[in-house]
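Got the model open in your viewer? Let's walk through it stop by stop, picking a selection each time and looking at what turns up.

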Amino acid sequence: MESQCWSTGKHEDETKAKINLVVFDDCEGNNKLNFEVSNPDFKVEHDGSLVALKNVSEAGRALFVHARSEHAEDMAEVLIVGANEKRGALKEIFKIEGNLGIPRQKRAILATPILIPENQRPPFPRSVGKVIRSEGTEGAKFRLSGKGVDQDPKGIFRINEISGDVSVTRALDREAIANYELEVEVTDLSGKVIDGPVRLDISVIDQNDNRPMFKEGPYVGHVMEGSPTGTTVMRMTAFDADDSSTDNALLRYNIIKQTPTKPSPNMFYIDPEKGDIVTVVSPSMLDRETMETPKYELVIGAKDMGGLDVGLTETATATILIDDKNDHAPEFTKKEFQATVKEGVTGVIVNLTVGDRDDPATGAWRAVYTIINGNPGQSFEIHTNPETNEGMLSVVKPLDYEISAFHTLLIKVENEDPLVPEIAYGPSSTATVQITVKDVNEGPVFHPNPMTVTKQENIPIGSIVLTVNATDPDTLQHQTIRYSVYKDPAGWLEINPTNGTIGTTAILDRESPYVQDNIYTALFLAVDSGNPPATGTGTLHITLEDVNDNVPSLYPTLAKVCDDAKDLRVVVLGASDKDLHPNTDPFKFELNKQSGPEKLWRISKINNTHAQVVLLQNLKKANYNIPISVTDSGKPPLTNNTELKLQVCSCKKSRMDCSATDSLHISMTLILLSLFSLFFVQLNLSD
């Protein structure tokens with residue numbers, strides 16, 4: 001620009017960090033002048049001093065200074081020279097030649113790096129630099145390529161193929177692309193490359209066009225009440241998309257508003273550079289129990305440009321919670337509680353109430369109750385109601401009025417969390433509970449219960465089984481007891497209502513369906529004379545001993561055989577007995593007297609429970625009755641005389657025809673059982 005006036009002044013001591021003084025004059029007073037440097041290791045202060053932030057060890061490299069004010073902007077290139085290089089006049093060391101710059105090495109194509117501010121306003125295209133070729137060739141043309149030219153995003157830059165002027169076609173966004181690496185070539189008229197390619201670097205100069213952003217919310221911090229001054233609560237950090245090496249992204253933090261403002265409008269402080277929020281009031285002011293609310297909300301501002309007025313600002317809310325510590329002991333609301341309970345009853349009898357100034361629903365508030373005296377039989381328990389914090393005192397073992405009508409418990413209350421060292425539990429953290437037991441008419445109790453006795457079955461009717469004993473727990477009351485039968489499934493028993501003697505009214509039968517595993521069970525009642533009367537129930541188990549009172553039974557009772565059968569083994573007979581050993585097997589099988597002059601069959605024992613019936617000759621087709629007796633091993637033994645019905649049939653072509661015999665209705669079960677018995681005998685004989 002024509003209006004800019006550049007000049008430089010050399011610092012007196014070149015070994016210091018401040019190297020040179022850059023002077024920019026827009027001829028309008030330089031209002032709001034701002035400098036930007038392409039190399040982050042350098043900066044230009046507001047007075048124009050060029051400062052090296054690190055040791056200058058990059059001799060031979062160039063950097064660019066961009067100056068901007070309200071009325072003008074311009075750019076200069078600075079060449080860094082080493083200490084052993086020949087020093088010339090100041091203007092030779094620090095030449096200012098607008099956008100042309102200083103070549104760093106001799107070559108045919110001179111492509112000096114170009115700096116372009118982002119967000120430039122129209123008109124476009126706008127010239128931003130120039131490429132020079134030191135050796136002229138008639139008809140030669142410049143050609144530009146790379147990202148931003150013929151690669152996406154295409155068409156941002158172009159070059160005048162004759163003059164080498166580089167122009168930008170639209171506004172740039174540094175946050176999208178900060179640097180472009182292009183290549184410049186020189187071609188002849190036919191398009192053949194005659195020089196290059198040479199790299200052309202284009203850097204986009206950052207503008208402060210992005211506000212800070214708080215990305216990590218919501219922001220919630222906690223601090224314990226009574227914390228020392230300077231306790232760190234939390235950290236608030238914001239992000240700025242602008243160039244982090246410039247003031248455009250240099251953030252400063254401050255507290256804009258605090259809610260509530262009591263007990264102090266300045267409860268907290270934020271480190272302007274780090275964003276750390278710390279307490280600034282004394283520990284006594286961080287008392288949760290005296291605050292209007294334990295929650296504070298801070299509106300935090302983040303401003304770029306190092307916090308200058310020209311910076312962009314964003315805000316976020318930080319919520320700070322004052323956490324409770326256990327600095328208050330729980331206290332009973334009364335020194336003594338009263339409770340009344342009926343004897344024999346369990347459950348909650350009284351709720352003990354306490355007060356605690358600490359934060360509800362925390363371990364500093366939640367109560368833990370302990371019975372410390374008066375509960376030697378462990379009849380009482382106490383638990384905390386999680387909703388109300390009350391102590392629920394319960395009877396867990398029924399109380400007996402006759403043993404003790406009054407109980408006194410001493411109970412203490414503590415918190416789940418320990419108290420802070422400077423606080424201790426006091427007398428108000430203990431209380432007594434006076435419990436009165438009310439007398440109740442209790443039912444009589446059988447001793448023992450259940451009652452057991454062993455008797456033989458078939459004992460005579462009227463036999464005494466047992467005399468029961470029931471007592472009344474209400475020893476302080478003089479009551480009488482009467483007995484009655486409650487459940488007697490078989491109707492075998494009776495009980496004397498006054499003395500409790502149980503006798504038989506029928507024959508006891510061990511084989512009865514009412515007897516399970518040889519035990520008969522009956523229930524009896526004992527009723528006292530109280531008002532209202534109370535009832536107790538007793539259980540009687542009678543174990544019945546077996547006697548030989550059942551004759552054995554024979555199976556099967558029907559058999560079939562062919563009239564021309566070669567195998568004359570008719571059937572295997574089995575015997576069973578409802579009695580128990582030794583009143584059952586081994587069984588004795590015998591044939592009773594046979595009719596007729598000659599014997600037609602015989603019976604032989606297989607084992608203790610089975611016998612084999614065998615024909616002695618083939619018989620004519622007819623029905624026969626074989627008289628058989630079976631005797632058990634009881635003392636005395638019992639015998640069952642029965643008949644085996646034998647049906648002799650004609651058998652042709654594997655078919656049995658019994659039609660000529662008397663009509664017999666034979667169940668399929670008996671037939672299958674006979675076949676099974678025959679199969680069983682064959683197996684035994686084969687063995």
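Start by selecting Asn-119, which is partly exposed with a relative accessibility of 36%. This is a predicted model, so take every value on the tour as computed. Asn-119 sits in the loop between β9 (114-117) and β10 (126-133). Check its backbone: phi is positive, about 65°, although Asn-119 is not a glycine.

Stay in that loop and slide along to Pro-123, which also belongs to the stretch between β9 and β10. The peptide bond leading from Pro-122 into Pro-123 is cis, with omega near 15°. Now go on to Pro-125, again in the loop between β9 and β10. What is the peptide bond from Phe-124 to Pro-125, cis or trans? It is cis, and omega here is near 0°.

**Next: the sheet that holds β10**

Follow the chain out of the loop and colour the strands β8, β10, β13 and β12. In that order they make an open sheet of four strands, with antiparallel pairing. Which strands stand at the edges? Those are β8 (109-111) and β12 (157-159); each has a single partner strand, so one side of each is left without a neighbour in the sheet. Going from one strand to the next, the twist averages 25°.

Zoom in on one of those edges. β12 pairs with β13 (residues 165-168) in the antiparallel sense, and three bridges connect the two. To see a pair of partners, select Phe-157 and then its bridge partner in β13, Val-168.

**Next: a sheet with mixed pairing**

Now jump to β24, β31, β30 and β27. Taken in that order, they form another open sheet of four strands, but the pairing is mixed. The edge places go to β24 (336-342) and β27 (367-373), and since each has a single partner strand, one side of each lacks a neighbour in the sheet. The twist averages 30° from one strand to the next.

Try the β24 edge. How many bridges pair β24 with β31 (residues 430-438)? There are seven, and the two strands run parallel. Select Glu-336 and look across to β31: the residue opposite is Thr-432.

Then cross to the other edge and pick Val-368, a residue of β27. Is Val-368 buried, partly exposed or exposed? Its relative accessible area is 34%, so it falls in the partly exposed class, which lies between the cut-offs of 20% and 50%. Show what is around Val-368: leaving out residues up to four places away in sequence, it touches Thr-384, Lys-412, Val-413, Glu-414, Asn-415 and Glu-416. If you like distances, draw one from the C-alpha atom of Val-368 to that of Ile-382; the two residues are 14 apart along the chain, and the line should read 9.1 Å.

**Next: another asparagine in a loop**

Select Asn-518, found in the loop between β38 (501-504) and β39 (519-528). Here too phi is positive in a residue other than glycine, with a value near 70°. Asn-518 has a relative accessibility of 27%, so it counts as partly exposed.

**Next: an enclosed strand**

Move along to β47 (residues 622-631). Why is this strand described as largely enclosed by the rest of the structure? Because seven of its ten residues are buried.

Now bring in the strands that pair with β47. β44 (residues 588-591) runs antiparallel to β47, and four bridges join them. Within that pairing, Glu-590 stands opposite Ser-629 in β47. β48 (residues 639-652) also pairs with β47 in the antiparallel sense, over ten bridges. Click Asn-623, then find its bridge partner in β48, Gln-647.

**Last stop: the largest pocket**

Switch on a surface for this one. The largest pocket has a volume of about 1100 Å³. Among the 38 residues lining this pocket, the ones closest to its centre are Asn-34, Glu-36, Arg-68, Asn-248 and Met-305, so select those five to find your way in. Three elements each give two or more residues to the lining: β3 (34-37), β4 (42-44) and β6 (62-68). Which element gives the largest share? That is β3, with four residues.

Finally, colour the lining by residue type. You should get 13 nonpolar, 13 polar and twelve charged residues.

Conventions:
Residues numbered from 1 in each chain as written. Predicted model: local features only at pLDDT ≥ 70, side-chain atom pairs only at ≥ 80, totals over all residues. Heavy atoms only, no water. 1 Å grid on protein atoms, 1.4 Å probe; cavity = no way out; pocket = protein on both sides within 12 Å on 5 of 7 lines; lining within 4 Å. Points joined across faces, edges and corners; volume = space filled by probe spheres on them. Nonpolar A, V, L, I, M, F, W, Y, C, P; charged D, E, K, R; others polar. Pairing = 2+ DSSP bridges. Axes fitted to C-alpha atoms, helices over the stretch in contact; angles between N-to-C directions. Buried < 20%, exposed > 50% of the residue type's maximum accessible area, 1.4 Å probe, protein only. Contact = heavy atoms within 4.5 Å.
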